[in-house]
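Below are my comments on the model, set out as numbered points. Please read them alongside the coordinates.

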Amino acid sequence: MTDSRTLFKNSIYNVVYKLLDALFPLISATYTARVLLAGGVGKVSYAQNIAQYFVLIASLGIPSYGIREVARRRQDKNQTSKVFSELFMINLLSTATCVLVYYALVFRLPYFQTRREISLVAGLLILFNAFNVEWFYQGQEAFRYIAIRSFVIKLLSLCALFLLVRTEADYIRYMLVICLTTGINYMINMLQLRRFGIRIQLRKLNLRPHMKPILILLGTTVAIELYTMLDTTMLGVMCADENVGYYTNAMKLVKIVIMVITAIGGVLLPHLSTYYMQGDYKACSEIVKKVFQVMFFLFLPCCVGLLLTSDILMVALFGESFAPAGETLRIASLLTLALGFSNLFGTQVLLTFGEEKKLLLCTIEGAVSNVLMNLYFIPVYQQNGAAIASVISEALVTALSVIFAGKYITIRADKDIILKTIISTAVMGIVVWAVMQIKLGIYVRLAVAVLVGVGVYFSVNLALRNCMLKELGKFVKRG
């Protein structure tokens with residue numbers, strides 16, 4: 001019972017954390033889209049995108065590897081401090097190298113001449129990565145602390161945004177707000193380490209054993225980010241800043257849905273690692289089954305809802321200047337299923353079972369296919385082409401992840417739950433489509449569509465006696 005309550009509470013805190021991580025950027029995106037318009041949003045997104053490549057390399061594979069290693073040692077404070085110090089030192093050295101390379105390129109390459117000022121500010125994201133130890137708190141399952149800290153930082157970020165970003169010319173200030181709030185977030189994490197019994201050690205550190213797994217995970221992370229970041233990069237090279245803005249905000253909405261729902265599975269990695277170390281593969285299969293069913297129950301209606309309301313949703317949130325992004329969101333809505341399940345079977349399952357190489361193979365396949373499709377689709381369909389490429393490549397990654405994961409766990413789901421979820425979603429989709437045909441203001445129509453859609457979906461599931469509702473109810477009661 002204690003383990004169940006702990007899992008539930010961690011799930012709630014992790015959902016709150018992911019919700020805050022999604023909600024505050026949505027609020028800021030809604031505000032900045034109306035102030036900076038699509039062009040300004042595109043400039044910031046592109047500069048952030050370029051800096052993120054260096055953050056990616058600087059981080060190596062530590063964010064994923066660190067969660068697993070801290071989770072395995074969290075009962076021994078001395079061992080936890082030692083592994084933390086070793087990973088922190090590796091991250092510090094790699095970050096220092098990447099900072100030097102980035103600023104050398106910004107000052108020397110003619111390419112940055114017209115965007116040097118915003119690129120210099122964006123480089124702070126790389127500098128602050130030296131203090132990014134979020135993986136430690138996730139490995140410790142300190143989700144309550146993470147959620148509270150995230151709320152405070154996001155609130156400060158919004159206040160700074162409203163005070164400093166007031167006109168279309170303030171896009172560099174917007175970049176500065178993003179960087180400084182990221183840095184403050186990381187520094188608070190550093191200051192809280194003593195509270196968790198961590199003292200950074202400088203002697204008797206053994207960095208070598210960590211290098212192989214983190215470099216393999218770096219390859220995996222690079223492959224993943226190539227087809228999530230190269231879209232923006234290639235759009236910035238081939239198209240205008242406005243196209244980057246359309247694509248960025250459409251993808252933000254989709255990723256908000258994915259982040260919140262996959263937060264339920266975000267607490268899986270430490271628990272799966274524990275079961276794996278105990279050799280209890282049956283327990284691993286059971287927990288993956290439950291999370292898969294919860295995700296399917298929530299992802300499917302969200303996917304259909306986004307698809308049906310995409311046109312008015314983009315305008316309602318970001319203003320008329322983002323009307324062309326409605327079609328982009330309609331295409332990208334399919335990612336809610338593909339990306340969510342590739343995270344579960346790829347990042348969660350394969351990483352837990354120590355199959356970094358197979359995860360790397362999955363992501364390389366996705367990256368290569370995404371780049372090739374971007375080269376074909378972006379020149380023809382611009383931001384819509386990037387969305388098409390993302391959906392196809394992510395579907396391929398999901399399929400391959402499921403095949404590999406099936407060798408270690410039994411992948412199954414309750415057919416009754418799946419069927420009733422599909423039926424309920426279909427009924428909800430018909431009702432939402434009908435609401436969208438009514439001639440009302442976009443805000444009223446959107447509100448009615450969302451409220452009626454949610455009501456119909458849960459009502460039909462209740463009428464069909466979908467036991468998924470009962471399972472969710474049990475989780476609430478246990479909390």
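1. The second largest cavity has a volume of about 70 Å³, a cavity being a set of points on a 1 Å grid over the protein atoms alone where a 1.4 Å probe fits but cannot get out, and a volume being the space filled by probe spheres set on points joined across faces, edges and corners. By this rule the count comes to two cavities of 30 Å³ or more. This is a predicted model, in which local features need pLDDT of at least 70 and side-chain atom pairs count only at pLDDT 80 or more, while totals for chains, interfaces and linings use all residues. Residues are numbered from 1 along each chain as its sequence is written, and side-chain values use heavy atoms, with hydrogens and water left out.

2. Which residues lie closest to the centre of the second largest cavity? Of the 10 that line it, they are Thr 228, Met 251, Leu 335, Ser 390 and Glu 394, where a lining residue has an atom within 4 Å of a point. At least two lining residues come from each of α9 (208–238), α10 (241–266), α14 (335–352) and α16, helices being DSSP runs of H or I with at least four residues, numbered from the N terminus. By class, this lining has five nonpolar, two polar and three charged residues; Asp, Glu, Lys and Arg count as charged, Ala, Val, Leu, Ile, Met, Phe, Trp, Tyr, Cys and Pro as nonpolar, and the others, Gly among them, as polar.

3. Helix α16 (residues 383–405) also packs with helix α15 (residues 356–381), their axes coming within 8 Å and crossing at roughly 160°; axes are lines fitted to C-alpha atoms over the stretch in contact, and angles run from 0 to 180 degrees between N-to-C directions. The two helices are therefore roughly antiparallel, a term for angles over 145 degrees, as roughly parallel is for those under 35. The contact of α15 with α16 has 14 nonpolar, 10 polar and two charged residues.

4. Helix α7 (residues 143–164) packs with helix α8 (residues 171–191) at about 155°, their axes 10 Å apart, which makes α7 roughly antiparallel to α8. For helix α12 (residues 281–318) and helix α17 (residues 415–436) the angle is about 15°, with the axes 10 Å apart, and α12 is therefore roughly parallel to α17.

5. The whole structure holds six salt bridges, each a side-chain nitrogen of Lys or Arg within 4 Å of a carboxyl oxygen of Asp or Glu. A salt bridge joins the side chains of Glu 86 and Lys 82 at 2.5 Å, N to O; because these residues are four apart in helix α3 (residues 77–108), about one helical turn separates them.

Note on methods
Parallel < 35°, antiparallel > 145°, perpendicular 65-115°, else oblique. 1 Å grid on protein atoms, 1.4 Å probe; cavity = no way out; pocket = protein on both sides within 12 Å on 5 of 7 lines; lining within 4 Å.
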